Amino acid sequence: MRVFGDSISGNCLKVKWTSDHLGLPYDWVETRVLTGETRTPDFLAMNPAGQVPLAVLDDGRPLAQSNAIILHLARGSALIPTDPYLQARMFEWMFWEQYSHEPYVAVARFQVRYRGRDPATLEPELVGRAEAALDRLEAALSGSTWLVGDAFSLADMALLPYTRSAPEAGIDLSRWKSLTAWIRRSEGVLGLASLGIS
């Protein structure tokens with residue numbers, strides 16, 4: 001398998017971390033969004049949407065969209081609950097992540113980290129929605145170790161990358177105690193170096 005991904009992207013890191021956690025062999029092809037590498041004719045022939053991550057499976061078939069890729073990679077593994085209800089709850093979190101979390105937390109991070117914006121100049125609605133997403137995670141994790149059931153799942157995998165990098169948007173995570181504890185637990189499961197979030 002080849003994975004075309006940009007290492008600065010949380011969506012791409014989901015695919016990398018899932019593959020690493022499951023011990024799946026792959027070749028990582030660094031593909032920079034900011035320099036237009038996803039807009040070349042060769043790349044667009046594989047993914048007309050011009051987005052990373054993109055997995056090209058062993059048989060040559062392409063698969064895009066981060067959550068679709070990790071669902072495919074994790075089939076039959078402990079990252080997907082066997083209980084139908086818990087599996088549906090996992091999907092619920094994954095759909096919510098792309099619609100109500102990533103568009104705010106990741107966009108705020110991109111504006112500050114890669115566009116050089118002062119966090120104080122970000123649109124208040126963007127920051128408010130990012131903080132509301134973190135509030136929802138905090139509420140869900142208060143009294144719970146993981147987002148779904150009693151084990152780390154793709155729900156946690158999907159929400160970890162951009163949540164743990166929220167400080168790069170100027171968002172101080174220290175007020176969300178259950179959330180920061182979950183970040184540390186998740187980093188431990190995946191063997192990631194801690195970002196030092198207190």
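**Exercise 1. Determine in which helix asparagine 67 is found, and establish what surrounds this residue.**

Solution. Asparagine 67 is found in helix H3, residues 66-73; helices are DSSP runs of H or I with at least four residues, strands are runs of E with at least two, and both are numbered from the N terminus. The model is a predicted one, in which local features need pLDDT of at least 70, side-chain atom pairs count only at pLDDT 80 or more, and totals for chains, interfaces and linings use all residues. Residues are numbered from 1 along each chain as its sequence is written, and side-chain values use heavy atoms, with hydrogens and water left out.

Step 1: accessibility. Asparagine 67 has 10% relative accessibility and therefore counts as buried (buried means under 20% relative accessible area, exposed over 50%, partly exposed in between, with a 1.4 Å probe and protein chains only).

Step 2: contacts. With neighbours within four places in sequence left aside, asparagine 67 is in contact with Lys14, Met94, Glu97, Gln98 and Ala158, where contact means heavy atoms within 4.5 Å.

Step 3: side chain. The side chain of asparagine 67 reaches the backbone oxygen of methionine 94 at 3.2 Å.

**Exercise 2. Describe how H1 and H3 are arranged.**

Solution. Step 1: geometry. The axes of H1 and H3 come within 9 Å and cross at roughly 10 degrees. Axes are lines fitted to C-alpha atoms, for helices over the stretch in contact, and angles run from 0 to 180 degrees between N-to-C directions.

Step 2: classification. H1 and H3 are therefore roughly parallel to each other (angles under 35 degrees count as roughly parallel, over 145 as roughly antiparallel, 65 to 115 as roughly perpendicular and the rest as oblique).

Step 3: residues. Asn11, Lys14, Val15, Thr18, Ser19 and Leu22 of H1 make the contact with Ser66, Asn67, Ile69, Ile70 and Leu73 of H3. These residues comprise five nonpolar, five polar and one charged; Ala, Val, Leu, Ile, Met, Phe, Trp, Tyr, Cys and Pro count as nonpolar, Asp, Glu, Lys and Arg as charged, and the others, Gly among them, as polar.

**Exercise 3. State how many residues of H6 are buried, and identify what covers them.**

Solution. Step 1: burial. Of the 11 residues of H6, 11 are buried, so this helix is largely enclosed by the rest of the structure. Among them are Asp156, Tyr162 and Arg164.

Step 2: cover. The buried residues of H6 are covered by elements including helix H1 (10-22), H3, H4, helix H5 (124-141) and H7.

**Exercise 4. Analyse the packing of H6 with H4 and with H7.**

Solution. Step 1: H4. Helix H4 (residues 84-114) packs with H6 at an angle of about 5 degrees, their axes being 9 Å apart. H4 and H6 are therefore roughly parallel to each other. The residues of this contact divide into 11 nonpolar, two polar and three charged.

Step 2: H7. The axes of H6 (residues 154-164) and helix H7 (residues 177-190) come within 10 Å and cross at roughly 115 degrees. H6 and H7 are therefore roughly perpendicular to each other. In H6, Asp156, Met157, Leu159, Leu160, Thr163 and Arg164 meet Leu179, Trp182, Ile183, Ser186, Glu187 and Leu190 of H7. This contact has seven nonpolar, two polar and three charged residues.

**Exercise 5. Locate proline 53 and characterise its surroundings.**

Solution. Step 1: position. Proline 53 lies in the loop between helix H2 (41-46) and strand S3 (54-56). With a relative accessible area of 4%, proline 53 is buried.

Step 2: surroundings. Proline 53 and valine 3 are 50 residues apart in sequence, and their C-alpha atoms are 6.9 Å apart in space. Beyond its neighbours within four places in sequence, proline 53 has contacts including Phe4, Cys12, Ala64 and Ile69.

Key. A polar contact is a pair of N or O atoms within 3.5 Å; within protein, one must be able to donate a hydrogen and the other to accept it, and residues adjacent in sequence count only if both atoms are side-chain atoms.
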